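Visitor: I have a structure to look at. Can you walk me through it?
Guide: Sure, here it is.

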Amino acid sequence: MDPILEQARKLAELLATDSRFMKLRQLEHDVLQDQEKRRLLEDYEKSRMTIEMKQREFHPVSPEEKHAHAEITKKVHAVPALLELARAQADYAQMMDQVNLSRLSHGVRAASMMRRCLNDALAATCSLVAFGRATIEHP
């Protein structure tokens, strides 16, 4: 197997066994098993997405829609399990952001190292002479 894919598989295994991921999955399972909580969460998501889409498309959001969303938000905040789920989602999102930033950092470092190696090689070949010419002039 490709070494990079092997490392990606190991990362996936580590993420799957992380306590934050496991807690998130358990909370999701618990909420989805409770019909009332599930319905409330679905209503909240529908309301949130409706408002978000209108704002993204520069359409006005009516006061009724804002009021309805505020009411659903109050109901969600009154359910401790849903608040705990939201916190777990935020923790997981933060962890994944850190993973992505780490990946980006490693990519930038690798590119920087390649650039440094190229510059060092060019500097060396410009200063070395072989057969009466600089080595960079040879094929």
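Guide: We will talk about charged pairs, then a surface patch.

Visitor: Anything I should know before we start?
Guide: This is a predicted model, where local features need pLDDT of at least 70, side-chain atom pairs count only at pLDDT 80 or more, and totals for chains, interfaces and linings use all residues. Residues are numbered from 1 along each chain as its sequence is written, and side-chain values use heavy atoms, with hydrogens and water left out.

Visitor: How many salt bridges does the structure hold?
Guide: There are 13. A salt bridge here is a side-chain nitrogen of Lys or Arg within 4 Å of a carboxyl oxygen of Asp or Glu.

Visitor: Why would such side chains pair at all?
Guide: Opposite charges can pair when the charged atoms come close.

Visitor: Okay, which residue does Asp18 pair with?
Guide: Its partner is Arg20. Their closest N and O atoms are 3.0 Å apart.

Visitor: Is Asp18 buried or exposed?
Guide: Asp18 is buried, at 18% relative accessible area. Buried means under 20%, exposed means over 50%, and partly exposed lies in between (1.4 Å probe, protein chains only).

Visitor: And what about Arg20?
Guide: Arg20 is partly exposed, at 34%.

Visitor: Now helix 3. Where does it run?
Guide: Helix 3 covers residues 35-56. Helices (H or I, at least four residues) are DSSP runs, numbered from the N terminus.

Visitor: What does Arg38 bind to there?
Guide: Arg38 forms a salt bridge with Glu42, with 3.4 Å between the closest N and O atoms. The two are four residues apart in helix 3, so about one helical turn separates them. Arg38 is partly exposed at 33%, and Glu42 is partly exposed at 45%.

Visitor: Which residue meets Glu45?
Guide: Arg48 does, in a salt bridge of 2.8 Å, N to O. Glu45 and Arg48 sit three residues apart in helix 3, so again about one helical turn lies between them. Salt bridges with shared partners link Glu45, Arg48, Glu52 and Arg56 into one network.

Visitor: New topic. Which residues make the nonpolar surface patch?
Guide: Leu101, Leu104 and Val108 make a patch of about 310 Å². Patch residues have over 30% relative accessible area and no salt bridge; like charges are joined within 9 Å, and nonpolar side chains (Val, Leu, Ile, Met, Phe, Trp, Tyr) within 5 Å. Accessible areas come from the Shrake-Rupley method with a 1.4 Å probe, and for residues only the protein chains shown count as cover.

Visitor: Where is Leu101?
Guide: Leu101 lies in helix 5, residues 80-127. At 56% relative accessibility, Leu101 is exposed.
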